[in-house]
Amino acid sequence: MSDTEKLKLNDEQRKYIRNAAMSVAGTVAMKGLMAAATQMITILSVTNKRSADPIGVKEITPTKDETVLDKKETAGSKNEAALAKDDVRGQQGAVEASDTEAQASKTDARAADGGASAMTSKAGAMDVATKAMKIN
């Protein structure tokens, strides 16, 4: 028997080998596409973008760590939106010439509230308070 006679395959064996080869090729192609998509998403999500023109400056940063020793900021109009915001301060002081606050609804729940004031003055057109129990 020669070597070519030993390597002859029947139709069923050829079909099995073709299906296995197509499966391997499909898997390799899919992994290549996934790697390319992952790389593109990574590039887009960690790229900082800054554009400046006469209208203003627009800046996109996926993460931004900023340390400032002294900052002065003046704004004619300022809008800020945050999904989550944590604010931790050692000391905070505020001096305001005028403060206007309008709220359609306000809910305030506290486990403990302590405060001291030298003077508190409030004047309102209507002041309504309801308490279940008050101890003085």
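Of the 136 residues in the protein chain, 0% count as buried. The model described here is predicted. The protein chain exposes about 14700 Å², and carbon and sulfur atoms supply 53% of that area.

**Confidence and overall layout**

The average pLDDT of the protein chain is 78, and 77% of the residues score at least 70. Confidence varies along the protein chain: helix 1, at residues 3–6, has the lowest mean, 59, whereas helix 2 has the highest, 86. The secondary structure consists of 2 helices and 2 strands. Followed along the sequence, these elements give the pattern α-α-β-β.

**Helix 2 and a nonpolar patch**

Helix 2 covers residues 11–45, and I17 lies within this helix. I17 also belongs to a nonpolar patch on the surface, which it forms together with L9 and Y16. The accessible area of L9, Y16 and I17 together is about 330 Å². I17 is classed as partly exposed because its relative accessibility is 47%, a value that falls between the 20% limit for buried residues and the 50% limit for exposed ones.

**The strand pair**

Strand 1, at residues 49–53, and strand 2, at residues 56–60, pair in the antiparallel sense over 5 bridges. The two strands form a hairpin, with 2 residues between them. Within this pairing, S51 stands opposite K58 in strand 2. Strand 1 is hardly covered: among its 5 residues, the count of buried residues is 0.

**Salt bridges**

Side chains of opposite charge can pair when their charged atoms come close. The structure holds 5 salt bridges. The table below sets out some of them, with the distance from N to O.

| Acidic residue | Basic residue | N to O distance |
|---|---|---|
| E73 | K71 | 3.7 Å |
| E73 | K78 | 3.3 Å |
| E80 | K85 | 3.2 Å |

E73 appears with two partners: a salt bridge links E73 to K71, and another links E73 to K78. The accessibility of these residues can be described in turn. E73 has a relative accessibility of 49% and therefore counts as partly exposed. K71, at 54% relative accessibility, counts as exposed. K78 also counts as exposed, because its relative accessibility is 53%. Through salt bridges that share partners, K71, E73 and K78 are joined into one network.

The salt bridge between E80 and K85 brings their closest N and O atoms to 3.2 Å apart. Both of these residues, E80 and K85, are exposed.

**Summary**

In this predicted model, the protein chain combines 2 helices with 2 strands, and 0% of its 136 residues count as buried. The strands form a hairpin, while I17 of helix 2 contributes to a nonpolar surface patch with L9 and Y16. Among the 5 salt bridges of the structure are those that join K71, E73 and K78 into one network.

Technical notes:
Residues are numbered from 1 along each chain as its sequence is written. This is a predicted model: local features need pLDDT of at least 70, side-chain atom pairs count only at pLDDT 80 or more; totals for chains, interfaces and linings use all residues. Side-chain values use heavy atoms; hydrogens and water are left out. Patches are made of residues with over 30% relative accessible area and no salt bridge: like charges are joined within 9 Å, nonpolar side chains (Val, Leu, Ile, Met, Phe, Trp, Tyr) within 5 Å. Accessible areas come from the Shrake-Rupley method with a 1.4 Å probe; for residues, only the protein chains shown count as cover. A salt bridge is a side-chain nitrogen of Lys or Arg within 4 Å of a carboxyl oxygen of Asp or Glu. Helices (H or I, at least four residues) and strands (E, at least two) are DSSP runs, numbered from the N terminus. Buried means under 20% relative accessible area, exposed over 50%, partly exposed in between (1.4 Å probe, protein chains only). pLDDT is the predictor's confidence in each residue, from 0 to 100. Two strands pair if DSSP finds at least two bridges between them.
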